[in-house]
Amino acid sequence: MARIEKSILIIGAGDAGQLLSRDIAKNYRSYQVIGFLDDNIKEAKLPILGKISDCQKVVNKYAVDEIVIAVPSADGKLIRTILLANLTNRLPIRIVPRSQRVISKSLVRYEEVKDIQPEDFLGRPFVRNNVDRLKRYYRDKTVFVTGGAGSIGSEIVRQLVDLEVKKVVVYDNSEYLIFMLEQQLKERGQRDRCDLIIGSILNDDKLDHLFKTIKPDIVFHAAAYKHVHLMQDNIDESVHNNVIGTKRAIDAAIKNNILLQTFISTDKVVNPTSVMGATKKLCEYYINSLDKAKVKFNVVRFGNVINSNGSVLPLFERQIILHRYVTITHRKMERFFMSIREAAQLVIESTATGETDSIHVLNMGELINIYEVALCLIRSKNLLPTQDVEVRVMGLRKGEKLIEELYTKTEQANLSQTKDSRILALKNRDIPERDINEIIADLGKKIESDRHNLSLRAALKEIFPTLKLGDE
């Protein structure tokens with residue numbers, strides 16, 4: 001009999017937990033599953049040691065070396081509960097991936113068990129019925145993704161491949177990001193499902209040729225400069241790429257009879273204060289001006305995306321690594337969160353709903369306590385709050401809200417649920433006072449003629465009085 005090297009406690013006695021237990025018994029003879037924790041005890045034959053809330057008690061009673069969460073349908077709240085229930089022990093807590101592949105094919109293998117990431121304890125899981133429906137929708141389609149090697153774009157690509165799409169064409173101006181995506185696709189055995197093309201959305205001749213040759217069924221337009229603070233100092237490039245580039249990409253697709261397009265926008269278009277938000281709002285204006293009888297458009301707005309630059313998670317990560325402390329402003333501060341995976345899901349699912357000519361946003365669900373987020377992040381790294389990493393409360397900053405709001409009352413009144421209860425649709429008929437084509441042409445001339453961007457700044461400020469350009 002093999003010597004037991006590792007004793008594993010599995011949280012979740014459903015199909016995934018049982019499949020994991022069988023895989024360990026078959027392929028890891030020196031590992032032992034000592035039992036399961038589950039709130040819904042259905043299998044009397046399984047060694048159920050208690051409910052999930054009994055985790056600390058079970059850990060104290062048994063010689064546990066590792067905890068594995070095997071609930072692919074688990075939401076972030078359950079995973080936070082598990083992490084918060086284990087703040088006084090140093091046991092590794094790992095998780096079965098909550099991926100489309102695992103959920104749709106019931107593939108659960110111990111070799112794929114991974115460390116817990118922020119999107120696991122903050123994001124929502126895939127839903128089996130949705131995955132099956134999306135597979136049917138995308139299976140025979142060719143999808144063209146601009147900005148397809150970026151953080152959101154590349155996740156869209158990975159999810160589309162998992163949905164068994166016929167072909168994904170990745171179009172991006174970054175050689176480095178294209179190269180990195182290619183390596184990931186090779187590692188997943190999915191390189192042959194994708195065409196990788198380096199190019200700019202400003203190159204309308206190239207886009208025209210590609211659309212004419214490839215004839216994609218859908219275009220996802222994810223290409224954009226997105227970092228707010230950088231675009232404040234580079235107004236000309238922001239307008240040139242985000243507005244003029246988007247118009248060229250849309251026009252090239254329309255010219256080649258691509259009837260369904262999805263544009264990725266941002267919540268920063270609402271009374272925009274930043275240049276980036278203003279450029280995205282101009283794109284929404286342009287889309288609203290198009291003849292919807294000829295082309296169907298889906299607009300998707302993102303809110304706070306976990307691990308995007310400037311968000312709280314990268315700050316916490318950096319503080320833990322460098323200083324062994326994290327700083328929060330208030331123990332009762334609450335925020336909404338959205339993972340990169342969810343952002344990509346929102347694009348893919350809202351496009352498949354068939355409810356075009358709408359702006360789609362994710363139903364963000366519950367507000368999440370930032371203090372608990374800090375504790376969960378610390379524990380997910382096998383560190384203990386207070387003992388290993390100090391949590392410092394600094395106090396609210398000037399103008400900072402304790403609890404975040406997603407919509408104004410007026411906007412909330414215009415929201416409706418789609419077929420997918422997690423996605424909300426907003427009918428928005430916003431148009432500028434001047435013709436949008438004239439506005440874009442005028443901005444283009446100003447980019448070419450004004451090296452210092454003074455007239456460009458004035459023009460944007462006239463269109464969007466809420467804009468803050470640092471000179472007020």
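1. Which residues is Ile67 in contact with, leaving aside its neighbours within four places in sequence? The list runs Leu9, Ile11, Cys55, Val59, Asn86, Leu91, Pro92, Ile93 and Arg94. Keep in mind that this is a predicted model.

2. Ile67 also matters for the core count. The largest nonpolar core has 42 residues. Within that core, Ile67, Ile69 and Phe121 touch the most other members. Helix H15, residues 370-380, supplies the largest share of this core, with eight residues. A second core is separate and holds 39 residues. Among its members are Val131, Tyr138, Ala352 and Ile423. As background, nonpolar side chains tend to be buried together in soluble globular proteins.

3. Now Gly50. Gly50 sits in strand E3, which spans residues 48-50. Is Gly50 buried or exposed? Gly50 is buried, because its relative accessible area is 13% and the cut-off for buried is under 20%. Setting aside residues up to four places away in sequence, Gly50 touches Phe36, Leu37 and Asp38. Gly50 and Ile11 lie 39 residues apart in sequence. Their C-alpha atoms are 9.8 Å apart in space. Ile11 is also one of the contacts of Ile67.

4. Next, Thr386. This residue is found in the loop between H15 and strand E17 (390-393). Thr386 has a relative accessible area of 71%, so Thr386 counts as exposed, the cut-off being over 50%. Along the chain, Thr386 and Leu375 are 11 residues apart. The distance between their C-alpha atoms is 9.5 Å.

5. A surface feature to look at is a nonpolar patch. Which residues make this nonpolar surface patch? Tyr176, Leu177, Phe179 and Met180 do, with an area of about 380 Å². Leu177 belongs to helix H8, residues 175-187. Its relative accessibility is 31%, so Leu177 counts as partly exposed.

6. On to charges. How many salt bridges does the structure hold? The total is 24. In general, side chains of opposite charge can pair when their charged atoms come close. One of the bridges joins the side chains of Asp54 and Lys57, at 3.7 Å from N to O. Lys57 is exposed, with a relative accessible area of 59%.

7. Arg191 and Glu182 form another salt bridge through their side chains. The N to O distance is 3.2 Å. Arg191 is partly exposed, because its relative accessibility is 26%.

8. Lys212 and Asp208 also meet in a salt bridge, with 3.8 Å between N and O. Why are Lys212 and Asp208 separated by about one helical turn? Because they are four residues apart in helix H9, which covers residues 204-214. The two partners fall into separate exposure classes: Lys212 is partly exposed at 46% relative accessible area, whereas Asp208 is buried at 13%.

9. Last, a network. Which residues are linked with Lys6 in a network of salt bridges? They are Glu66, Arg94 and Asp115. Arg94 ties back to the opening point, since Arg94 is in contact with Ile67.

Definitions and conventions. Residues numbered from 1 in each chain as written. Predicted model: local features only at pLDDT ≥ 70, side-chain atom pairs only at ≥ 80, totals over all residues. Heavy atoms only, no water. Core = buried A, V, L, I, M, F, W, Y, C linked by side-chain atoms within 4.5 Å. Buried < 20%, exposed > 50% of the residue type's maximum accessible area, 1.4 Å probe, protein only. Helix = DSSP H or I, 4+ residues; strand = E, 2+ residues; numbered from the N terminus. Contact = heavy atoms within 4.5 Å. Patch = residues over 30% accessible without salt bridge, like charges linked within 9 Å, V, L, I, M, F, W, Y side chains within 5 Å. Areas by Shrake-Rupley, 256 points an atom, 1.4 Å probe, with all protein chains shown as cover. Salt bridge = Lys/Arg side-chain N within 4 Å of Asp/Glu carboxyl O.
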